[in-house]
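Hi everyone, thanks for having me. Could you pull the model up on the screen, please, and then we'll walk through helix packing and pockets?

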Amino acid sequence: MTFGLSLPAFTELHVIISLVGIAAGVIFFAALIARRWLALWCALFLAFTILTSVTGFLFPPKPIGPPFIFGVVSLLLLAASLLALYGRRLTGWWRVVFLVTALLAQWLNMVVLVVQSYQKLPALHALAPTGGEPAVLASQAVVLLLILFAGWKTLRRRA
């Protein structure tokens with residue numbers, strides 16, 4: 001039990017936190033592409049993405065593997081994002097540091113979303129039972145292209 005919740009209930013809470021973080025990130029970065037800064041959505045994205053990683057460490061211990069590594073890397077990226085945004089106020093190159101680290105954190109969450117979707121949703125699992133099929137790789141490629149597009153679109157205006 002974690003926070004008095006059964007493992008299935010805690011897992012559901014973790015998934016909800018993750019989905020809120022991903023959705024907030026999509027809204028924030030879409031607005032950023034449209035040259036609008038949505039401070040509330042940015043804060044929601046950062047807070048829920050941090051919570052996603054932190055709650056991920058609260059699951060029963062397993063050998064160090066991709067989930068642990070993703071969590072550590074995500075928290076390091078988010079620490080840099082927070083420093084750039086709140087510590088350095090996005091001055092100079094800190095704007096680029098923020099954008100790159102925040103987008104990479106969003107990408108990591110979306111990678112996990114794709115992998116988990118193919119593992120847990122019956123219709124997608126039927127397409128890719130092992131997780132290494134072309135459908136999964138194509139989905140990951142689309143996610144990467146979307147993140148790269150968001151970064152390119154935002155950075156080219158700032159140069």
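So, how close do the axes of H2 and H3 come, and at roughly what angle do they cross? Before I answer, keep in mind that this is a predicted model. Okay: the two axes come within 9 Å, and the crossing is at roughly 150°. An angle over 145 degrees counts as roughly antiparallel, and that's why we call H2 and H3 roughly antiparallel to each other. The crossing of H2 over H3 is left-handed.

Who's touching whom? On the H2 side you've got Cys42, Ala43, Leu46, Thr49, Ile50, Ser53 and Val54, and they meet Gly71, Ser74, Leu75, Leu78, Ser81, Leu82, Leu85 and Tyr86 in H3. Sort the residues of that contact by class and you get ten nonpolar, five polar and no charged.

Next, follow the chain into H4. Helix H3 covers residues 66-87 and helix H4 covers residues 94-120; they pack at an angle of about 150°, and their axes are 8 Å apart. Because of that angle, H3 is roughly antiparallel to H4. This crossing is left-handed as well.

The contact uses a good few residues. From H3 we have, among them, Phe70, Val73, Leu77 and Ala84, and from H4 the list includes Trp94, Phe98, Leu104 and Val111. What's the mix by class? For H3 with H4 it's 17 nonpolar, three polar and no charged.

Now for the pair H2 and H4. They pack at an angle of about 50°, with 11 Å between their axes. Oblique covers the angles that are not roughly parallel, antiparallel or perpendicular, and H2 and H4 are therefore oblique to each other. H2 passes H4 in a left-handed crossing. Here Cys42, Phe45, Leu46, Thr49 and Thr52 of H2 touch Phe98, Ala102, Ala105, Gln106 and Asn109 of H4. By class, the residues of this contact are six nonpolar, four polar and, again, no charged.

If you're new to this, here's the idea to take away: two packed helices are described by the angle between their axes and the distance between the axes.

Right, on to the pockets. What volume does the largest pocket have? About 1200 Å³. Its lining has 35 residues, and the ones nearest the centre are His14, Phe59, Pro67, Val112 and Gln116. Where do the lining residues come from? Helix H1 (7-33), helix H2 (39-56), H3 and H4 each give at least two of them. H4 has the largest share, with ten residues. Val112 turns up twice in our story: it's in the contact of H4 with H3, and it's one of those residues nearest the centre of this pocket. The lining of the largest pocket splits into 20 nonpolar, 13 polar and two charged residues.

The second largest pocket holds about 160 Å³ of space. H1, H4 and helix H6 (134-158) each supply at least two residues of its lining, and the largest share, five residues, is from H1. Among the residues around this second pocket are Phe29, Ile33, Met110 and Phe149. Gln106 is in that lining too, and you've already met Gln106 in the contact of H4 with H2. By class, this lining has ten nonpolar, two polar and no charged residues.

That's my tour, so over to you!

Terms used:
Residues are numbered from 1 along each chain as its sequence is written. This is a predicted model: local features need pLDDT of at least 70, side-chain atom pairs count only at pLDDT 80 or more; totals for chains, interfaces and linings use all residues. Side-chain values use heavy atoms; hydrogens and water are left out. Axes are lines fitted to C-alpha atoms, for helices over the stretch in contact, and angles run from 0 to 180 degrees between N-to-C directions. Helices (H or I, at least four residues) and strands (E, at least two) are DSSP runs, numbered from the N terminus. Angles under 35 degrees count as roughly parallel, over 145 as roughly antiparallel, 65 to 115 as roughly perpendicular and the rest as oblique. A crossing is left-handed if the near helix is turned anticlockwise from the far one by less than a right angle, and right-handed if clockwise. Contact means heavy atoms within 4.5 Å. Ala, Val, Leu, Ile, Met, Phe, Trp, Tyr, Cys and Pro count as nonpolar, Asp, Glu, Lys and Arg as charged, and the others, Gly among them, as polar. On a 1 Å grid over the protein atoms alone, a cavity is a set of points where a 1.4 Å probe fits but cannot get out, and a pocket is an open set with protein on both sides within 12 Å along at least five of seven lines; lining residues have an atom within 4 Å of a point. Grid points are joined across faces, edges and corners, and a volume is the space filled by probe spheres set on the points.
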